[in-house]
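Got the viewer open? Here's a short tour, one selection at a time.

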Amino acid sequence: MQNELTVSSTRLAIMNDIGQAFLTAFKLIAGWDRDLAEIIGLSLQVSLIALAVAAAIGLPLGAAVALLRFPGRRALAVLLSALMGLPPVVVGLIVYLMLSRAGPLGVLGLLFTPTAMIIAQCLLITPIIAALTRQIVLDLWSDYREQLTSLGCGPARAIPTLLWDARTALVTVILAGFGRATAEVGAVMIVGGNIDHVTRVMTTAIALETSRGDLTLALALGVVLMALSLTINGAAFLCRDWADRGQGRLAS
Amino acid sequence: MFSTSILPCQVKSLSYHVEGRTLIDDLTFDLVAGSRTLVLGPNGAGKSLTLRLLHGLLPPSGGTIDWADPNKPQQHQTPQKRRAPQNHQPPQNHQVSQKHQIPQKYQAMVFQRPVMLRRTAAANLDYALSLTQEGDRAGRRRRRDWVLAQTGLTQLAERPARLLSIGEQQRLALARAWALEPQVLFLDEPTASLDPGATRQVEAIIQAIHASGTKIVMTTHDLGQAHRLADEIIFLHQGHLVERQSCDAFFTNPQSAAAAAFLKGELLW
């Protein structure tokens, strides 16, 4: 009887804590807390640069694997698909080994810098972008192949054409990559080290603050992360909808 | 109109097999400049396949498609051209690869279902022109505007091509082919999914393209259309060339039983 009472009162206390924490979190966000802003800024910076590099590699790579005939093409396609599910901690570990003092790239002194985090996120999302791009371009090519061949456009020349014509679908691919980059914690934790004011991003900060019991900042960051994800995906949805109405649906 | 021509084209023993099934069997005919050739036959006769083989979209399983060398003066026969024996592989491969490289830029094709890029109508023409015509942006733009006007699409130039009606898209496909100034234009049932009004517009454009000096090679299911457009008829049945006649002779006095049955609507396969 007494046990039950204790449990329920503890639960009540935690619920209160959560309510309190949410309140403080919104205050932090509303007041544009400097630490909070810094963490969000670094997160966006790291993930956006990683995304830009991954897209610059992944989009043409995916299209090339779809269109060009070269030895090892099928193996590469399988590899890209397999790498989509790469565990972030493993990527983090590999990048850590490469960049650590004793590693092959140790002389660059990149470990525990934002650059290391960009490299890790890049490795994570390039296969995602490439594999999804390959599938989309392949579908489009089956539609376009005869017409483009008739016009004298070979597979290599078709790469930029198809990337441009699949643009609305590829926006979704880019977003999938961005979502993966901003949401992952394992890789950036290992190679970045979660150093305050240097390599602390939203996910690593949430992990740290939660383990320390400071739920306020963790929740505030969580709310921002969710809001960011919703905003970006909502915008993408609208953008796609608009583009479909403008150019005719991809499936049509 | 052309100083050099890829015509005449000699087709010899052309065949195409897929998984042991013979879809095109031993076609031998020639295509000469000027006339409008219509390929008729029931479904599955191999009409579309023949066009794709001629256009180089598919490699033939056997036989040769010999286009004249466009770099030589017209009507200049090429006696040194190998009369490749059937079982002799290398020259045949040589013919095939040559066909892919040289004549395709003198040809264009319009498909049953128009395939438009996700851009404006004008940008679709720009794209095709940029692939084939070197340099001179202003010249390409003039050409584009000219074909748009010729096909009645000037008003629709800035509209996304995929949002045009199917008839307008097919006119745009014809405009795109015409813009390339092909010596040979292949049309694979270009009016199969169009209403009578759009069909008439498309036929008028085909006639105009022909009048500008382009050889027309076209398939259709519409016998009335064949009668209106054709100079000569090639009649295919089950992958064989059954009959080749001038248009009038074919419709008034078909030589083969299959063609006679087809004209009466009694040939079912």
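Start by selecting strand S3 (residues 36-40) of chain B together with S8(B): the two pair in the parallel sense over four bridges. Helices (H or I, at least four residues) and strands (E, at least two) are DSSP runs numbered from the N terminus, and two strands pair if DSSP finds at least two bridges between them. To see the register, pick Val39(B), which stands opposite Ile234(B) in S8(B).

Before moving on, a word on what you're looking at: this is a predicted model, where local features need pLDDT of at least 70, side-chain atom pairs count only at pLDDT 80 or more, and totals for chains, interfaces and linings use all residues. Residues are numbered from 1 along each chain as its sequence is written, while chains are lettered from A and ligands numbered from 1 in the order in which they are written.

Stay on strand S8 (residues 232-237) of chain B and colour by burial: five of its six residues are buried. Buried means 20 or more other C-beta atoms within 10 Å of a residue's own, exposed means 12 or fewer, and partly exposed is in between, with C-beta atoms placed from the backbone. Now add strand S9 (residues 240-246) of chain B, which pairs with S8(B) in the antiparallel sense over six bridges. His237(B) has His240(B) in S9(B) as its bridge partner. S8(B) and S9(B) form a hairpin with two residues between them, and Gln238(B) in the turn has a positive phi of about 50 degrees.

Next stop: the open three-stranded sheet of chain B, with the order S2-S1-S4 and antiparallel pairing. Which strands stand at the edges? Strand S2 (21-31) and strand S4 (62-67) of chain B do; each has a single partner strand, so one side of each is left without a neighbour in the sheet. Neighbouring strands here are turned by 20 degrees against each other on average, direction ignored. (Axes are lines fitted to C-alpha atoms, for helices over the stretch in contact, and angles run from 0 to 180 degrees between N-to-C directions.)

Zoom in on strand S1 (residues 9-18) of chain B, which shares seven bridges with S2(B) in the antiparallel sense. Cys9(B) stands opposite Leu31(B) in S2(B). Helix H1 (residues 47-55) of chain B packs on this sheet, touching S1, S2 and S4 of chain B, and its direction makes about 60 degrees with that of S2(B). Contact means that the C-beta atoms of two residues, placed from the backbone, lie within 7 Å.

Select H1(B) by itself: eight of its nine residues are buried, so it is largely enclosed by the rest of the structure. Among the buried ones are Leu49(B), Leu51(B) and Leu53(B). Just after H1(B), click Gly56(B) for a positive phi of about 90 degrees.

Now hop to chain A and show helix H3 (residues 73-83) and helix H5 (residues 114-150), whose axes come within 8 Å and cross at roughly 125 degrees. The contact is made by Ala77(A), Leu80(A), Ser81(A) and Leu83(A) of H3(A) and Pro127(A), Ala130(A), Ala131(A) and Arg134(A) of H5(A).

Last stop, the two chains together: 14 residues of chain A are in contact with 16 residues of chain B. On the side of chain A that touches chain B, H5(A) gives the most, with six residues.
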